[in-house]
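Please look over the sequence and the model below. The text that follows goes from one helix to the strand after it, and then to the whole chain.

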Amino acid sequence: MTNGTFGTAINCMDGRVQEPVMNWVKEQFQVQYVDKINDAGPTKVILEGNEETLASIKKRVEISHHGHRSEVLVIAGHHDCAGNPVPREEQVKQIKETTELANSWGYDMKIVGLYVNDQWKVEQVTEVIQPNSAS
Ligand SMILES: [Zn+2]
């Protein structure tokens, strides 16, 4: 049996963005724990990755969703990303595209895009996509 409530975060591996994103998810969605799916520049990895890479990420989302009953998936990019060194505007565009792609995966989860800015503060950069809105 799993105890506690969970959210899920696809986030960069960068040590500077772990706590801000985790804390934002806990506060915003009133969950106790945040399962982390980390990669270097994850939006770039997801948008440009091969099927094997995508399958690995989706598998982890699935474990968090089904095993931990997570009902929220956040996708975060950040300032000064070594794995995805592009300007904020490009990051935000990628974050939006990734939330839309993740919605097409069909999990019954809210999905929202975040950007961790140069003050290491979390900004919500997309609308929250509600579950089951995939067409
Ligand atoms: Zn990064």
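The expected span of a helix is 1.5 Å times one less than its number of residues. This model is a predicted one, and the rule can be applied to its helix α3, residues 51-67. With 17 residues, α3 should span 24 Å, and because its end C-alpha atoms are 23 Å apart, the helix agrees with that expectation.

Just after α3 comes R69, with a positive phi of about 55°. Most residues other than glycine have a negative phi. R69 is not a glycine, yet its phi is positive. The residue sits in the loop between α3 and β3. R69 counts as exposed because it has 11 C-beta neighbours inside 10 Å, and the cut-off for exposed is 12 or fewer.

A second case of positive phi is W120, at about 60°, and this residue is not a glycine either. W120 belongs to the loop between β4 (110-116) and β5 (122-124). With 13 other C-beta atoms within 10 Å, W120 is partly exposed.

The loop that holds R69 leads into β3, residues 72-78. How many of the residues of β3 are buried? The count is 7 of 7, so the strand is mostly covered. V72, V74, A76 and H78 point one way from β3, while L73, I75 and G77 point the other way, and all of them are buried.

β3 has pairing partners in β1 and β4. Strand β1, residues 6-12, pairs with β3 in the parallel sense over 3 bridges, and here I10 stands opposite I75. The pairing of β3 with β4 is also parallel, over 7 bridges, and H78 of β3 stands opposite V116 of β4. Between these two strands, helix α4 (residues 88-104) completes a right-handed β-α-β unit.

On the level of the whole chain, the secondary structure comes to 4 helices and 5 strands. Read from the N terminus, the elements follow the order β-α-β-α-α-β-α-β-β. The C-alpha trace spans about 40 × 30 × 25 Å along its principal axes. For 135 residues, a compact globule would have a radius of gyration near 14 Å; the chain has 14 Å, and therefore agrees with the rule.

Buried residues make up 37% of the 135 residues. Of the contacts with a separation of 6 or more, 71% are between residues 24 or more positions apart.

Technical notes. Residues are numbered from 1 along each chain as its sequence is written. This is a predicted model: local features need pLDDT of at least 70, side-chain atom pairs count only at pLDDT 80 or more; totals for chains, interfaces and linings use all residues. A residue is buried if 20 or more other C-beta atoms lie within 10 Å of its own, exposed if 12 or fewer, and partly exposed in between; C-beta atoms are placed from the backbone. Two strands pair if DSSP finds at least two bridges between them. A crossover is right-handed if, with the strands pointing away from the viewer, the path from the first strand over the helix to the second runs clockwise. The radius of gyration is taken over C-alpha atoms; the globule rule is 2.2 Å times the number of residues to the power 0.38. Two residues are in contact if their C-beta atoms, placed from the backbone, lie within 7 Å.
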